[in-house]
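This report goes through selected features of the structure shown below, strand by strand and loop by loop.

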Amino acid sequence: MIDTKSLKYAKSHEWARLEGNVCTVGITDFAQKEIRDIVYLELPKIGKEVRQGAAAGAIESVKAAFELYAPVSGTVTAINEKAAQDVTVVHRDPLGNGWLFKIECSNAAEINNLLDDAAYNEWTAQGGH
Amino acid sequence: MLPTLFELSRSGKRAVKFPKAAMHSSAKIPAKLLRRQNPSLPELTELDVVRHFTLASQMNYSVDTQFYPLGSCTMKYNPKANFHWALHPAFAGAHPLWPSWAVQGTLESLAGLEEGLAAITGMDAVTLAPAAGAHAELVGILVAGAFYQDKGQAAKRRKIIIPDSAHGTNPASAALGGFEVVTIKSTARGRIDVLQLKKVLDDTTAMVMITVPNTLGLFEDDVLEVSRLAHNAGAQMYMDGANMNALMGIVKPASLGFDMMHINLHKTFSVPHGGGGPGAGVLLVRRHLEEYLPVPRLIRRPANQNGELSILDAHPKSIGRIRAFHGSTGNLLWAASYLALLGRDGVFQASRDAIVNANYLRRLLQDAGLTPYSDEPCMHEAVFTIDPKKLNGVRTLDIAKRLLDFGFYAPTVYFPLIVPEAMMVEPTETESPETLEQFANAVKTILSEAASDPQKVKDAPHALPVRRLDDVLAARNPVVTYQVS
């Protein structure tokens with residue numbers, strides 16, 4: 001099990017886990033339930049420069065297409081090819097094997113702008129919109 | 001299900017026997033380019049083909065047979081008189097390469113459409129060329145881009161502000177036009193949040209793009225303030241005219257401060273949706289944007305030079321050509337006929353009746369047990385939300401599927417995105433009260449089934465040629481070619 005307290009969260013429902021200077025990004029359990037069946041993942045290209053809060057990719061579900069926002073700024077160093085090929089892993093294990101991409105942070109302190117576990121739970125309890 | 005033509009095929013069957021060619025054309029084609037095998041085309045008699053397509057057409061669902069309450073799509077009846085005029089040989093027999101003096105009747109009809117649409121919207125100039133509403137959006141964005149290029153502000157103004165209730169085409173058009181999309185959230189009343197707009201509006205904003213009435217079927221009552229703020233920031237105001245069926249003869253978008261807008265002729269102006277070919281969108285602009293419109297444009301010569309219409313093929317500041325010839329002339333003629341037959345009073349009555357019908361249906365569905373998203377009266381369409389927890393897990397999708405069993409087309413569902421479990425109905429002015437009552441009764445029956453036998457609703461449809469389709473599997477593993485066995 002992933003300790004959700006080790007994660008930080010964007011209001012746009014991405015989670016972020018900082019290890020050293022590398023931040024792993026995925027979508028939250030709340031988000032994967034809310035958007036319903038994912039049918040397509042558009043992950044950023046490795047090497048792409050991303051900015052905190054700006055669109056980095058997209059998720060398409062049977063409901064609609066959603067932007068995937070970068071929770072921190074930096075350079076994309078890895079993407080989860082397995083998740084792109086079998087999107088159901090994002091539903092089965094959103095916080096683990098369903099991770100989406102990794103960012104080499106340009107300013108790791110930005111992660112403090114994100115919500116912690118308790119604040120995110122409060123945000124989703126209010127509807128998360 | 002009907003068998004396909006390939007399944008009906010029997011070797012040697014023929015509808016037409018072709019005479020043997022006197023000269024075999026393959027003699028001049030290099031041998032390596034010739035087919036080695038005949039293509040696997042179905043072999044059928046003429047009667048086989050006629051029965052197949054007649055039976056298939058009888059499975060069709062259309063506004064000519066039943067009620068089509070798709071919200072945001074304005075599925076009004078397509079009056080047959082317009083079909084008659086658009087297909088009149090004098091129009092339908094013309095070729096787009098004929099000189100303008102030979103098609104003055106067609107050009108006069110198109111000019112009449114331009115003048116009528118300009119009068120309804122208060123705009124100054126029109127291009128009939130775009131192939132659809134979304135195409136007109138893109139053209140509008142390119143026109144705004146050319147305007148800012150001309151004013152030396154193109155590098156600075158990179159941002160287009162769009163509310164989160166917008167049609168998905170708005171941000172898509174803005175992104176395709178090379179702009180950055182900034183989304184602003186709607187207020188609890190389902191309107192533009194003016195305070196939030198003020199925060200993001202600045203001299204880097206090229207355009208504020210909004211839909212009136214918005215996709216919740218509500219009039220944007222702060223629109224004059226939004227226009228004032230946008231113009232003070234030097235930005236253009238764009239109106240997505242998808243919902244123009246609520247405004248004709250009631251308010252002119254130009255009076256609301258819009259600099260440009262598009263109209264979907266297949267919605268408000270009764271051109272059939274689909275129809276097997278390109279559609280028609282119209283972009284209308286205020287005077288300051290006219291010289292950037294695409295070519296060709298219709299130009300009327302002064303009266304002392306016989307007043308004829310001609311086609312202007314080039315203009316130095318125009319964004320250029322956006323498609324072949326003058327647009328989807330057949331569709332445009334249809335709309336011109338609709339406008340000519342309705343006239344000034346008729347378009348007003350169409351919009352007024354569309355609003356009355358929508359409010360009647362809204363009330364009927366509320367009485368049937370659906371919850372309207374807003375407490376306020378609606379414009380031409382109404383949005384509802386349902387709570388699956390109170391309906392034994394029955395979702396909006398299930399209700400939509402069950403409606404098919406009652407002989408109704410499903411309403412728009414899960415749009416606008418900001419409404420949970422959304423259902424959106426737009427009856428248009430052409431439906432009778434009796435039809436709306438029958439539809440509401442069907443919804444009422446389905447809601448009582450959700451209480452007594454929810455599985456029946458979740459498994460719907462039951463009475464159609466195919467049962468519930470697996471949309472998730474189809475989207476994840478699409479098979480888009482027919483496999484010949």
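In this predicted model, B:I161 has B:V208 of β4(B) as its bridge partner. The bridge belongs to the pairing of β2(B) with β4(B), which is parallel and has three bridges. Strand β2 of chain B covers residues 159–163. A second parallel pairing, over five bridges, joins β2(B) to strand β3 (residues 180–184) of chain B. There B:I160 is matched with B:V181 of β3(B). The connection between these two strands includes a helix: β2(B), helix α7 (residues 169–176) of chain B and β3(B) form a right-handed β-α-β unit.

How many of the five residues of strand β2 of chain B are buried? Five of the five are, so the strand is mostly covered. In a regular strand, side chains alternate between the two faces of the sheet. On one side of β2(B) the buried residues are B:K159, B:I161 and B:P163, and on the other they are B:I160 and B:I162. Both faces of β2(B) are thus covered.

Helix α2 (residues 46–58) of chain B gives the opposite picture of burial. The number of buried residues among the 13 of α2(B) is zero, so this helix lies largely in the open. Its length can be checked against the expected rise: at 1.5 Å a residue, the 13 residues should span 18 Å, and the end C-alpha atoms are 18 Å apart, which agrees.

Several loops of chain B have backbone values worth listing.

| Site | Backbone feature | Loop in chain B |
|---|---|---|
| B:V212 and B:P213 | cis peptide bond, omega about -15° | B:P213 between β4 (205–211) and α9 (223–232) |
| B:A460 and B:P461 | cis peptide bond, omega about 5° | B:P461 between α13 (454–458) and α14 (471–476) |
| B:N306 | positive phi of about 75° | between β8 (297–300) and β9 (309–312) |
| B:T428 | positive phi of about 65° | between β13 (422–425) and α12 (433–452) |

B:N306 is not a glycine, and neither is B:T428. Which of the words buried or exposed applies to B:N306? B:N306 counts as exposed, because it has 8 C-beta neighbours inside 10 Å. B:T428, in contrast, has 26 other C-beta atoms within 10 Å and is therefore buried.

At the level of domains, chain B is divided into domain 1 (5–58), domain 2 (80–341) and domain 3 (345–475). The C-alpha centres of domain 2 of chain B and domain 3 of chain B are 30 Å apart. Their contact involves 18 residues from domain 2 of chain B and 19 residues from domain 3 of chain B. On the domain 2 side of chain B, the residues touching domain 3 of chain B are nine nonpolar, eight polar and one charged.

Chain A contains an open sheet of six strands with antiparallel pairing, in the order β1-β2-β3-β9-β8-β5. Its edge strands, β1 (8–9) and β5 (49–50) of chain A, each pair on one side only. Within the sheet, strand β3 (residues 22–27) of chain A and strand β9 (residues 101–105) of chain A pair in the antiparallel sense over four bridges. A:V25 has A:F101 in β9(A) as its bridge partner.

The two chains also touch: six residues of chain A are in contact with six residues of chain B. The chain A side of this contact has four nonpolar, no polar and two charged residues.

Conventions:
Residues are numbered from 1 along each chain as its sequence is written. Chains are lettered from A and ligands numbered from 1 in the order in which they are written. This is a predicted model: local features need pLDDT of at least 70, side-chain atom pairs count only at pLDDT 80 or more; totals for chains, interfaces and linings use all residues. The expected span of a helix is 1.5 Å times one less than its number of residues. A residue is buried if 20 or more other C-beta atoms lie within 10 Å of its own, exposed if 12 or fewer, and partly exposed in between; C-beta atoms are placed from the backbone. Two residues are in contact if their C-beta atoms, placed from the backbone, lie within 7 Å. Ala, Val, Leu, Ile, Met, Phe, Trp, Tyr, Cys and Pro count as nonpolar, Asp, Glu, Lys and Arg as charged, and the others, Gly among them, as polar. Two strands pair if DSSP finds at least two bridges between them. Domain bounds come from an automatic or database domain assignment. A crossover is right-handed if, with the strands pointing away from the viewer, the path from the first strand over the helix to the second runs clockwise.
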